[in-house]
Amino acid sequence: MLPPGHIAASYILIKSVETLGFKISLPEIMLILVASVVLDFDLIVAHRLKKSHHDLFTHTPWGVFLIWLGFILLFGANLSLATKILVLVVFFIHLFLDELGFWLCKLGFQEVSKESQINWLYPIKKFKDRQESFPLNAKFLLHYYQKAKANVFLEIVLSLIALLVFWLT
Ligand SMILES: [Zn+2]
């Protein structure tokens, strides 16, 4: 999934949690939204290694847990408990949304992704070590909008809901 979908899903989550009575400050909201897309900065490393960024440590449950732990050790003292937990939750939602493309493809709603995107069992299970499927260029977006139609539809729906929530709250 692309950044708009990750950010929109996280924003809806934050606003849902706020309805339960948790107070989350604006800087914390911004931090959680950044956390929802920060994992994809591994694209830079993956591009250099010429492999899929979904085959990197940074897109595994174990990897995001360790990243979260490091983040909490560095900045946790200044954050509310709700924000600390939400950062971990949006990391995991990121992985689920990235994997969703595989299930939408398996169900016949789109042409990509034909294989599982996330190595849920790392480090027990080795990475598939796939080639970089989407180089960082304009062709990627065109390919994505043509082949990952269900993903795009979901991203549009999530973004519209997030905008509606933003407008109403
Ligand atoms: Zn990702």
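Start with the pair H1 and H7, whose crossing is left-handed. The model is predicted. To find the two helices, select residues 3-19 for H1 and residues 149-168 for H7. Their axes lie 8 Å apart and meet at an angle of about 40 degrees. That angle makes H1 oblique to H7, because it falls outside the range under 35 degrees that counts as roughly parallel and outside the 65 to 115 of roughly perpendicular.

Next, show the side chains at this contact. On the H1 side, select Pro4, Gly5, Ala8, Ala9, Tyr11, Ile12 and Lys15. On the H7 side, the residues that meet them are Leu154, Glu155, Leu158, Ser159, Ile161, Ala162 and Val165. Colour the selection by residue class: the contact of H1 with H7 has ten nonpolar residues, two polar and two charged.

Now return to the whole protein chain and colour by secondary structure. Seven helices appear, and zero strands. Read from the N terminus, the order of elements is α-α-α-α-α-α-α.

Switch to a C-alpha trace and orient the protein chain along its principal axes. The C-alpha atoms fill a box of roughly 45 × 35 × 25 Å. The radius of gyration is 16 Å, which agrees with the value near 15 Å for a compact globule of 169 residues.

Finish with burial and contacts. Buried residues make up 28% of the 169 in the protein chain. For contacts between residues at least 6 apart in sequence, 69% join residues at least 24 apart.

Terms used:
Residues are numbered from 1 along each chain as its sequence is written. This is a predicted model: local features need pLDDT of at least 70, side-chain atom pairs count only at pLDDT 80 or more; totals for chains, interfaces and linings use all residues. Axes are lines fitted to C-alpha atoms, for helices over the stretch in contact, and angles run from 0 to 180 degrees between N-to-C directions. Helices (H or I, at least four residues) and strands (E, at least two) are DSSP runs, numbered from the N terminus. Angles under 35 degrees count as roughly parallel, over 145 as roughly antiparallel, 65 to 115 as roughly perpendicular and the rest as oblique. A crossing is left-handed if the near helix is turned anticlockwise from the far one by less than a right angle, and right-handed if clockwise. Two residues are in contact if their C-beta atoms, placed from the backbone, lie within 7 Å. Ala, Val, Leu, Ile, Met, Phe, Trp, Tyr, Cys and Pro count as nonpolar, Asp, Glu, Lys and Arg as charged, and the others, Gly among them, as polar. The radius of gyration is taken over C-alpha atoms; the globule rule is 2.2 Å times the number of residues to the power 0.38. A residue is buried if 20 or more other C-beta atoms lie within 10 Å of its own, exposed if 12 or fewer, and partly exposed in between; C-beta atoms are placed from the backbone.
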